[in-house]
Amino acid sequence: MRILIVEDERQIAAFLERGLKEEGYAIDVVYNGNDALDWAAAVEYDGIVLDVMLPGRDGFSVCRELRARGSKTPVLMLTARDTVDDRVAGLDIGADDYLVKPFAFKELVARLRAVTRRQTDTRSVELQVGDLTLNTLTHTAQRGERRIELTAKEYNLLEFLMRNPNRVLTRTQIAEHVWNLDFLSESNVVDVYIRYLRRKIDDEPDLKLIKTVRGSGYLISDDPE
Ligand code: CA
């Protein structure tokens with residue numbers, strides 16, 4: 001999943017970036033509200049961590065503008081002030097959840113997971129395609145009876161595919177959601193990780209779930225070819 005962090009305090013921004021990258025997220029960081037709107041218009045984010053107190057355009061204004069543009073990207077707002085007014089204001093203008101500084105990093109991760117899950121579908125923590133299931137809490141997969149351990153990147157790649165079943169995803173779309181921008185360009189990293197995943201989930205079964213769409217990209221589906 002690709003997350004945009006909007007926070008002008010560099011230390012906090014760096015701390016969040018490092019922590020969320022370790023959790024396997026792809027992360028972009030901006031330090032003011034105008035950049036946040038530019039980036040959110042250019043990149044399809046899975047979630048935005050948005051500080052309220054920003055120089056110039058504040059977090060409320062950014063969130064209001066995002067919603068006015070029709071964006072449904074989940075927004076988790078951060079604020080230093082724990083007042084009912086702030087809380088209500090944030091939720092009123094379309095933020096999905098609210099976290100008061102200082103917060104425990106674990107709580108931020110849990111809330112981010114909750115708001116992004118709410119967006120993508122279901123109350124369920126399991127994604128399913130054919131006999132393949134992916135648990136979004138434990139980050140483990142199961143194909144039939146067989147349990148499959150995944151690395152962080154393999155998990156993120158598989159999760160992105162499984163949240164978009166039967167849909168052709170280009171290498172660029174995949175890379176944008178799963179890797180950080182500095183990783184992209186000419187690299188064949190997507191193909192390499194698709195190969196890793198296939199080895200783990202599509203090795204034995206007759207029905208291959210991950211399909212190559214020549215000239216386009218990849219898709220996951222349990223339709224027989
Ligand atoms: Ca701030």
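The questions and answers below go through a predicted model, starting with its calcium ion.

User: Which residues coordinate the calcium ion, and which of them gives a backbone-named O atom rather than OE or OD?
Analyst: The ion has donors named OE from Glu-7 and Glu-9, and donors named OD from Asp-8 and Asp-51. These sit at 2.0 to 3.0 Å, a range that also covers the remaining donor. That donor is listed as O, and its residue is Met-53.

User: What spacing do the donors of the calcium ion follow along the chain?
Analyst: The coordinating residues are Glu-7, Asp-8, Glu-9, Asp-51 and Met-53. Written as a pattern along the chain, the donors give E-D-E-x41-D-x1-M.

User: Is Asp-8 buried, partly exposed or exposed?
Analyst: Asp-8 is one of the residues that coordinate the calcium ion. Buried means under 20% relative accessible area and exposed means over 50%. Asp-8 has a value of 27%, so this residue is partly exposed.

User: How does Glu-9 count, as buried, partly exposed or exposed?
Analyst: Glu-9 is another of the calcium donors, through OE. The relative accessibility of Glu-9 is 39%, so the residue counts as partly exposed.

User: What is the distance between the end C-alpha atoms of helix 6, and what span should its residues give?
Analyst: Helix 6 covers residues 152-163, which is 12 residues. The expected span takes 1.5 Å times one less than the number of residues. For helix 6 that should be 16 Å, and this agrees with the distance between its end C-alpha atoms, 16 Å.

User: How many of the residues of helix 6 are buried?
Analyst: Helix 6 is mostly covered. Its buried residues include Lys-153, Tyr-155, Leu-158, Phe-160 and Arg-163. The count of buried residues, out of 12, is 11.

User: How are helix 6 and helix 7 placed, roughly parallel or oblique to each other?
Analyst: Helix 7 spans residues 171-178, and its axis is 10 Å from that of helix 6. The two pack at an angle of about 125°, and helix 6 passes helix 7 in a right-handed crossing. At that angle the pair is therefore oblique.

User: How is helix 2 oriented relative to helix 3, roughly parallel or oblique?
Analyst: The axes of helix 2 (residues 33-42) and helix 3 (residues 59-68) come within 9 Å, and they cross at roughly 25°. Angles under 35 degrees count as roughly parallel. The crossing is right-handed. Helix 2 is therefore, relative to helix 3, roughly parallel.

User: Which side chain does that of Asp-28 join in a polar contact?
Analyst: Asp-28 is in strand 2, residues 26-30. With a relative accessible area of 7%, Asp-28 is buried. A polar contact of 3.0 Å joins its side chain to that of Arg-2.

User: How far apart in space are Lys-21 and Arg-2, C-alpha to C-alpha?
Analyst: Lys-21 belongs to helix 1 (residues 10-22) and is partly exposed, at a relative accessible area of 33%. In sequence, Lys-21 and Arg-2 are 19 residues apart. In space their C-alpha atoms are separated by 9.9 Å.

User: What is the peptide bond from Lys-101 to Pro-102, cis or trans?
Analyst: Most peptide bonds are trans. Pro-102 is in the loop between strand 5 (97-100) and helix 5 (105-120). The bond from Lys-101 to Pro-102 has omega near -5°, and it is cis.

User: What is the value of phi near which His-139 lies?
Analyst: Most residues other than glycine have a negative phi. His-139 lies in the loop between strand 7 (132-135) and strand 8 (140-143), and counts as partly exposed at 26% relative accessibility. His-139 is a residue other than glycine with a positive phi, near 60°.

User: Where does Asn-166 lie?
Analyst: Asn-166 is a residue other than glycine, and its phi is positive, near 60°. Its place is the loop between helix 6 and strand 10 (169-170).

User: What separation do the C-alpha atoms of Leu-169 and Arg-67 have?
Analyst: Leu-169 lies in strand 10. At 0% relative accessibility, Leu-169 counts as buried. Along the chain Leu-169 and Arg-67 are 102 residues apart, and their C-alpha atoms are separated by 26 Å.

Terms used:
Residues are numbered from 1 along each chain as its sequence is written. This is a predicted model: local features need pLDDT of at least 70, side-chain atom pairs count only at pLDDT 80 or more; totals for chains, interfaces and linings use all residues. Side-chain values use heavy atoms; hydrogens and water are left out. Donors are N, O and S atoms within 2.8 Å of the metal (3.2 Å for Na, K and Ca); water is not among the atoms, so sites may look incomplete. Buried means under 20% relative accessible area, exposed over 50%, partly exposed in between (1.4 Å probe, protein chains only). Helices (H or I, at least four residues) and strands (E, at least two) are DSSP runs, numbered from the N terminus. A polar contact is a pair of N or O atoms within 3.5 Å; within protein, one must be able to donate a hydrogen and the other to accept it, and residues adjacent in sequence count only if both atoms are side-chain atoms. Axes are lines fitted to C-alpha atoms, for helices over the stretch in contact, and angles run from 0 to 180 degrees between N-to-C directions. Angles under 35 degrees count as roughly parallel, over 145 as roughly antiparallel, 65 to 115 as roughly perpendicular and the rest as oblique. A crossing is left-handed if the near helix is turned anticlockwise from the far one by less than a right angle, and right-handed if clockwise.
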